[in-house]
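Please open the model in the viewer and keep the sequence panel beside it. The tour below proceeds by selection, with a short account of what each selection shows.

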Amino acid sequence: MQEYPENNLTDARLVAENLSCKRGGRLVFEGVSFSVGAGDFLHLKGANGSGKTTLIRLLAGFISARSGTLSYAGESIGSEDIPDTGAFIYSGHQHGLKPVLTLRKNMIAYYQLMTGCVLEESQLMEAAKAFGLQALIDHPVRFFSSGQTHRCSLLRFLLLDRPIWLMDEPTVGLDSANRELLCLMMKKHLKNGGIIIAASHDPVGIDGQTLEMANCVPKVQEEEVWL
């Protein structure tokens, strides 16, 4: 297992060089390169099918790159290494919440799985308060609206101390007030030296780098839709 720095974020950069990815026998994107370090925000932009979700999932370790390299803090990493780095946290379209369990039990199970430790009540309630979910803490998730469910998913970023946030459409289902709360949460993470890579159709209100995925779609597939 490789070891990665979790506290010294100043020198820890995530670097992608000429990444390409195939799905279903077709090349989704190629030539993706970027470098982000402490306090950097990278916004993945592009139409549906341009490969935003695929790239986020590749960075999260769910998909392997066809070619190219990915490194963190100077160490090369592959998809099999990412779960062991202790650096990444991901949230996507599938929230991964057990509908029959309460929000409390979902978060306790998640925290134990990711850290091997017991989630403190004060930590859980502080995170729930940030998104106005205190009153729902002991209710089964199956009764939540889509917006409430999405906010529950975002709580994970407040529970785990991970430098690299991978966020796929983080604003979906949020009203204006909760989008503002999300923006403040993301800005605080960046101010503390974190890194955020987010795929979003909507502006998130944060200055940073932009990666136009349309520029990385292979020419032969410009008219095709691949997620």
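Begin by selecting strand β3, residues 41-45, in this predicted model. The strand is mostly covered, with 4 of its 5 residues buried.

Keep β3 in view and add strand β8, residues 195-199. The two strands run parallel and are joined by 4 bridges. To see one position in this pairing, display Leu42, which stands opposite Ile197 in β8.

Next, add strand β9, residues 209-212. Here too 4 bridges make the connection to β3, and the strands run parallel. Two bridge partners can be displayed: Leu44 is matched with Leu211 in β9, and Lys45 has Glu212 of β9 as its partner.

Now extend the selection to the sheet that contains these strands. In what order do the strands of this open sheet lie? The order is β6-β7-β8-β3-β9, which makes 5 strands with parallel pairing. At the edges stand β6 (88-91) and β9; each has a single partner strand, so one side of each is left without a neighbour in the sheet. From one strand to the next, the twist averages 15°.

With β6 still displayed, select helix α5, residues 146-159. This helix lies across β6 and β7 (164-168), and its direction is at about 170° to β6. Within the residue range of α5, which is 146-159, pick Cys152. Is Cys152 buried or exposed? Its relative accessibility is 0%, so Cys152 counts as buried. For another cysteine, select Cys117, which is partly exposed with a relative accessible area of 41%. A search of the whole structure finds 0 disulfides.

Move on to helix α6, residues 176-191, and select Asn178 within this helix. Asn178 has a relative accessible area of 9% and is therefore buried, since the cut-off for that class is under 20%. To find what surrounds this side of the helix, display Phe131 and Arg151: leaving aside neighbours within four places in sequence, these are the residues in contact with Asn178.

Return to β3 and follow the chain into the loop that leads to α1, where Ser50 is found. Ser50 counts as buried, at 5% relative accessibility. Show the side chain of Ser50 together with the backbone of Ala47: a polar atom of that side chain lies 2.7 Å from the backbone oxygen of Ala47.

Continue to helix α1, residues 52-59. How many of the 8 residues of α1 are buried? The number is 6, so the helix is largely enclosed by the rest of the structure. The buried residues are Lys52, Thr54, Leu55, Ile56, Leu58 and Leu59. When judging which way such side chains point, recall that an α-helix has 3.6 residues a turn, so residues three or four places apart point the same way. After α1 comes Gly61, whose phi is positive, near 95°.

Now display the strands beneath the helix selection. Helix α1 lies across β1, β2 and β4 (67-72), and runs at about 120° to β1. These strands belong to an open sheet of 4 strands in the order β2-β1-β4-β5, with antiparallel pairing. The edge strands are β2 (26-36) and β5, each of which pairs on one side only.

Within this sheet, select strand β1, residues 14-23, together with β2. Their antiparallel pairing extends over 7 bridges. For a single position, show Leu14, whose bridge partner in β2 is Val36.

From the edge strand β5, step into the loop between β5 (75-76) and α2 (82-85), where Gly78 lies. Gly78 is partly exposed, with a relative accessible area of 21%. Draw a distance from the C-alpha atom of Gly78 to that of Ala65: the two residues are 13 apart along the chain, and the separation is 8.3 Å.

Finally, colour the chain by pLDDT. The average is 88, and 90% of the residues score at least 70. Where does pLDDT stay under 50? Select residues 1-10, for which the model has 23 contacts beyond four places in sequence.

Conventions. Residues numbered from 1 in each chain as written. Predicted model: local features only at pLDDT ≥ 70, side-chain atom pairs only at ≥ 80, totals over all residues. Heavy atoms only, no water. Buried < 20%, exposed > 50% of the residue type's maximum accessible area, 1.4 Å probe, protein only. Pairing = 2+ DSSP bridges. Contact = heavy atoms within 4.5 Å. Axes fitted to C-alpha atoms, helices over the stretch in contact; angles between N-to-C directions. pLDDT = per-residue confidence, 0-100. Disulfide = S-S within 2.5 Å. Polar contact = N/O pair within 3.5 Å; in protein donor to acceptor, adjacent residues only side chain to side chain.
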